[in-house]
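Trainee: I would like to understand how the words used for a structure follow from its values. Could we take the terms one by one and set each value against its cut-off?

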Amino acid sequence: TGTTRPQRLLRAVQERATRGDSESVIAAIDHFCRHQEWAMNVGDEKGFILDSVVSEVSPQTALELGTYCGYSTVRIARLLPPGGHLITLEFNPNYAAVARQVIAWAGLEDMVQVVEGASGDWIPHLREHFGIESFDFVFLDHWKELYLPDIKLLEECGLLRKGTVLLADNVVCPGTPDYLEYVRKSQSYESHYFGSHLEYTRAEDGLEKSVYLG
Ligand SMILES: Cc1cc(C(=O)N2CCN(C)CC2)sc1-c1cc(O)c2nc[nH]c(=O)c2c1
Ligand SMILES: [Mg+2]
């Protein structure tokens with residue numbers, strides 16, 4: 001038995017970060033991942049790019065696919081405008097349980113809804129369940145095989161509108177070739193690649209920003 005890596009990450013947050021201070025929660029997780037144990041958070045370098053896109057969009061409605069421990073959830077939620085709301089989908093209940101506590105430690109629980117389950121199961125029900133008309137911003141960070149089917153599902157469910165901004169993590173490492181080909185070739189998207197590095201490493205990775213044109 002013993003603790004899991006997400007549980008050890010949560011303990012590092014509770015020991016090092018100040019309750020209600022989202023910057024200190026982000027710093028505590030980055031410290032843990034750099035000096036204790038690598039973990040698959042978007043990280044500080046790609047996180048800075050995520051911050052700039054979220055700030056530019058200033059979304060009232062945001063969707064995150066893949067919560068993990070809530071690191072990017074906190075990065076996004078801390079930048080939402082008044083009235084803004086973030087729904088984050090997580091398949092793994094153990095990850096979701098840790099994420100809820102990390103988000104609460106950052107004092108952002110009122111702007112975030114952590115939803116447990118498979119993205120493909122939940123996306124068709126987001127409108128009726130959460131009263132969402134469409135999303136202003138979507139962060140894809142769950143599983144490389146699901147990026148493409150899930151944005152097609154979002155399109156089909158009418159959850160994207162002209163100007164919706166999609167930002168995808170790990171398009172180089174682990175890599176999402178089918179997703180990249182689709183958003184870069186489709187007339188319905190305007191895409192741009194932000195080169196960076198895999199979190200806490202020197203390996204190449206990056207974020208793909210795609211604006212839905214309708
Ligand atoms: C699990 C994993 C291992 C990686 C790697 O190349 N490694 C070599 C270098 N060492 C240090 C770490 C391990 S990259 C990666 C990863 C990274 C993300 O940001 C992810 N985001 C969402 N969903 C994922 O499944 C996801 C996986
Ligand atoms: Mg990732």
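Mentor: Let us start with a definition: a residue is buried under 20% relative accessible area, exposed over 50%, and partly exposed in between. Please keep in mind that this is a predicted model.

Trainee: Why is threonine 3 called partly exposed?

Mentor: Threonine 3, which lies in the segment before α1 (5-16), has a relative accessibility of 39%. Partly exposed is the class between under 20% and over 50%, so threonine 3, at 39%, counts as partly exposed.

Trainee: What makes alanine 118 buried or partly exposed?

Mentor: Its place is in the loop between β3 (112-116) and α6 (119-122), and the value for alanine 118 is 23%. Buried would require a value under 20%, therefore alanine 118, at 23%, counts as partly exposed.

Trainee: Which class do tyrosine 68 and tyrosine 200 fall into, and what is noted about the phi of tyrosine 68?

Mentor: Tyrosine 68 has a relative accessible area of 10%, and tyrosine 200 has one of 13%. Buried means under 20%, so tyrosine 68 is buried, and tyrosine 200 is buried as well. As for the backbone, tyrosine 68 has a positive phi of about 55° although it is not a glycine, and phi of tyrosine 200 is near 65°, again a positive value in a residue other than glycine. Tyrosine 68 lies in the loop between β1 (61-65) and α4 (71-77), whereas tyrosine 200 is found in the loop between β6 (189-197) and β7 (204-212).

Trainee: How do you know which residues coordinate the magnesium ion (ligand 2)?

Mentor: A donor must be an N, O or S atom within 2.8 Å of the metal. Asp141 (OD), Asp169 (OD) and Asn170 (OD1) coordinate the magnesium ion at 2.0 to 2.2 Å, so these atoms meet the limit of 2.8 Å. In sequence the donor residues are spaced D-x27-D-N. Aspartate 141 and asparagine 170 are 29 residues apart and link distant parts of the chain, with aspartate 141 in the loop between β4 (135-140) and α8 (147-156), and asparagine 170 in the loop between β5 (160-168) and α9 (171-175).

Trainee: Why are aspartate 141 and asparagine 170 called buried?

Mentor: The relative accessible area of aspartate 141 is 14%, and asparagine 170 has a relative accessibility of 11%. The class requires a value under 20%, so aspartate 141 is buried, and asparagine 170 counts as buried too.

Trainee: What makes the pairs between ligand 1 and histidine 142, asparagine 170 and glutamate 199 polar contacts?

Mentor: A polar contact is a pair of N or O atoms within 3.5 Å. A backbone N or O atom of histidine 142 lies 2.7 Å from a nitrogen atom of ligand 1, a polar side-chain atom of asparagine 170 lies 2.7 Å from an oxygen atom of ligand 1, and an N or O atom in the side chain of glutamate 199 is 2.5 Å from an oxygen atom of ligand 1. The limit is 3.5 Å, so the pairs with histidine 142, asparagine 170 and glutamate 199 qualify. The protein covers 64% of the 570 Å² of accessible area that ligand 1 has on its own.

Trainee: Where does ligand 1 sit?

Mentor: Ligand 1 sits in the largest pocket, and the residues surrounding ligand 1 include Trp38, Met40 and Cys173.

Note on methods:
Residues are numbered from 1 along each chain as its sequence is written. Chains are lettered from A and ligands numbered from 1 in the order in which they are written. This is a predicted model: local features need pLDDT of at least 70, side-chain atom pairs count only at pLDDT 80 or more; totals for chains, interfaces and linings use all residues. Side-chain values use heavy atoms; hydrogens and water are left out. Donors are N, O and S atoms within 2.8 Å of the metal (3.2 Å for Na, K and Ca); water is not among the atoms, so sites may look incomplete. Helices (H or I, at least four residues) and strands (E, at least two) are DSSP runs, numbered from the N terminus. Buried means under 20% relative accessible area, exposed over 50%, partly exposed in between (1.4 Å probe, protein chains only). A residue is near a molecule or strand if one of its heavy atoms lies within 4 Å of it. A polar contact is a pair of N or O atoms within 3.5 Å; within protein, one must be able to donate a hydrogen and the other to accept it, and residues adjacent in sequence count only if both atoms are side-chain atoms. Accessible areas come from the Shrake-Rupley method with a 1.4 Å probe; for residues, only the protein chains shown count as cover. On a 1 Å grid over the protein atoms alone, a cavity is a set of points where a 1.4 Å probe fits but cannot get out, and a pocket is an open set with protein on both sides within 12 Å along at least five of seven lines; lining residues have an atom within 4 Å of a point. A molecule sits in a cavity or pocket if more than half of its atoms lie within 2 Å of its grid points.
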